[in-house]
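Thanks for coming, everyone. I'll keep this short. Let's put the model on the screen and look at where it packs and where it opens.

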Amino acid sequence: MSFHIGAKKGEIAETVLLPGDPLRAKFIAENFLENVMCYNEVRNMLGFTGTYKGTEISIQGTGMGIPSTAIYVNELVSEYGAKTLIRIGTCGSLKREIELGEIILAISANTDSSINRHKFGGMDYSPTANFELLDKAYHKARELSIDTRVAPIFSSDSFYDDNPDRYKIWADHGVLGVEMESAVLYTIAARKNVRALTILTVSDNLITEEVAPAEDREKKIVDMARIALEII
Ligand code: HPA
């Protein structure tokens, strides 16, 4: 057992999918994997291991935000030997033309979190996806006829903010989506020499204020899970 994960050593696979929502972890495990076992119920942050086409895979909820994600990623890598981590989640679109349901493969993750600024002594680090995973995901999605965009994203420390123009500077620099987790996933992965990628579907548009209905979000989770599972 680690501090936040109740699994025994060996119960978690080297490849782990990371949805923020633990019930999405359950949904993916039940719909895509065989021989599924639930290895974690601590704090209801469900984690499952099973097989996909014969390969062992785990799926672990991370919760929302950088601190919660950092806890699970650190423990998965340091305590359980995870080597490949693929976040699948949702993001807000920062541009009018990036529509609900589009899938973004996050090449890099900017952030307003101070977590890296402290770590890097005030200098700015560029959290970056693993190229091999990114390349495979991009080509696999094309093969599956799933459209994707490869783009930088922004990992925010807040969901609600009073300033409506807060993300404009990022959109003006080609950043397409906002979520709350990937900057720390990419940073820890780099530090620990493991592979990480984030795949996101647009659940809301911050310019038009449209929000995708829950059923549409579920459908997109299936597409993201297919891309992630097929590249491992
Ligand atoms: N902001 C931050 N995180 C998000 C959003 C958003 O609009 N949508 C999905 N995750």
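Which residues is Ser108 in contact with, leaving aside its neighbours within four places in sequence? Keep that in mind while you find it. Ser108 sits in strand β6. The contacts are Pro127, Thr128, Ala151, Pro152, Ile153 and Tyr186. Is Ser108 buried or exposed? Its relative accessible area is 18%, under the 20% cut-off, so Ser108 counts as buried.

Now step back. This is a predicted model, so every value here is computed from it. The chain has seven helices and nine strands. Its radius of gyration is 17 Å, close to the 17 Å that the globule rule gives for 232 residues, so the chain is as compact as a globular protein of that length. The C-alpha atoms fill a box of roughly 45 × 45 × 30 Å along the principal axes. Of the 232 residues, 53% are buried. Take contacts between residues at least 6 apart in sequence: 74% of them join residues at least 24 apart.

Next, the core. The largest nonpolar core holds 64 residues. Which of them touch the most other members? Leu17, Leu76, Leu85, Ile88 and Ile199. Look at Ile199. Not counting residues up to four places away in sequence, Ile199 touches Ile86, Arg87, Ile88, Gly89, Ile103, Ile104, Leu105, Met224, Ile227 and Ala228. There is another core, apart from that one. It has six residues, among them Leu94, Tyr167, Ala171 and Val178.

Now the empty space, enclosed space to begin with. How many cavities of 30 Å³ or more does a search of the whole structure find? One. Its volume is about 30 Å³. The lining is Pro19, Arg24, Ile28, Ile88, Gly89, Ile221 and Met224. You have met some of these names already: Ile88 was listed with the core, and Ile199 touches Ile88, Gly89 and Met224. Three elements each supply at least two lining residues: α1 (22-32), β5 (84-93) and α7 (214-230). By type, the cavity lining is five nonpolar, one polar and one charged.

On to the open space. The largest pocket has a volume of about 1,000 Å³. It is lined by 38 residues. Gly92, Phe159, Val178, Asp204 and Leu206 lie nearest its centre. The elements giving two or more residues to that lining are β5, α5 (168-171), β8 (177-179) and β9 (195-205). Which element gives the most? β5, with five residues. So what is the chemistry of that lining? It divides into 13 nonpolar, ten polar and 15 charged. Note Val178 once more: it belongs to the six-residue core, and it is also one of the residues nearest the centre of this pocket.

Last stop, the second largest pocket. About 220 Å³ of space lies there. Thirteen residues line it, and the closest to its centre are Asn110, Thr111, Asp124, Tyr125 and Pro127. β6 (103-111) and α3 (115-119) each supply at least two lining residues. β6 gives the most, with four. The split is five nonpolar, six polar and two charged.

That brings us back to Ser108. Its strand is β6, and one of its contacts is Pro127. Pro127 is among the residues closest to the centre of the second largest pocket.

That's the tour. Over to you.

Methods:
Residues are numbered from 1 along each chain as its sequence is written. This is a predicted model: local features need pLDDT of at least 70, side-chain atom pairs count only at pLDDT 80 or more; totals for chains, interfaces and linings use all residues. Side-chain values use heavy atoms; hydrogens and water are left out. On a 1 Å grid over the protein atoms alone, a cavity is a set of points where a 1.4 Å probe fits but cannot get out, and a pocket is an open set with protein on both sides within 12 Å along at least five of seven lines; lining residues have an atom within 4 Å of a point. Grid points are joined across faces, edges and corners, and a volume is the space filled by probe spheres set on the points. Ala, Val, Leu, Ile, Met, Phe, Trp, Tyr, Cys and Pro count as nonpolar, Asp, Glu, Lys and Arg as charged, and the others, Gly among them, as polar. A nonpolar core is a set of buried Ala, Val, Leu, Ile, Met, Phe, Trp, Tyr and Cys residues joined through side-chain atoms within 4.5 Å. Buried means under 20% relative accessible area, exposed over 50%, partly exposed in between (1.4 Å probe, protein chains only). Contact means heavy atoms within 4.5 Å. The radius of gyration is taken over C-alpha atoms; the globule rule is 2.2 Å times the number of residues to the power 0.38.
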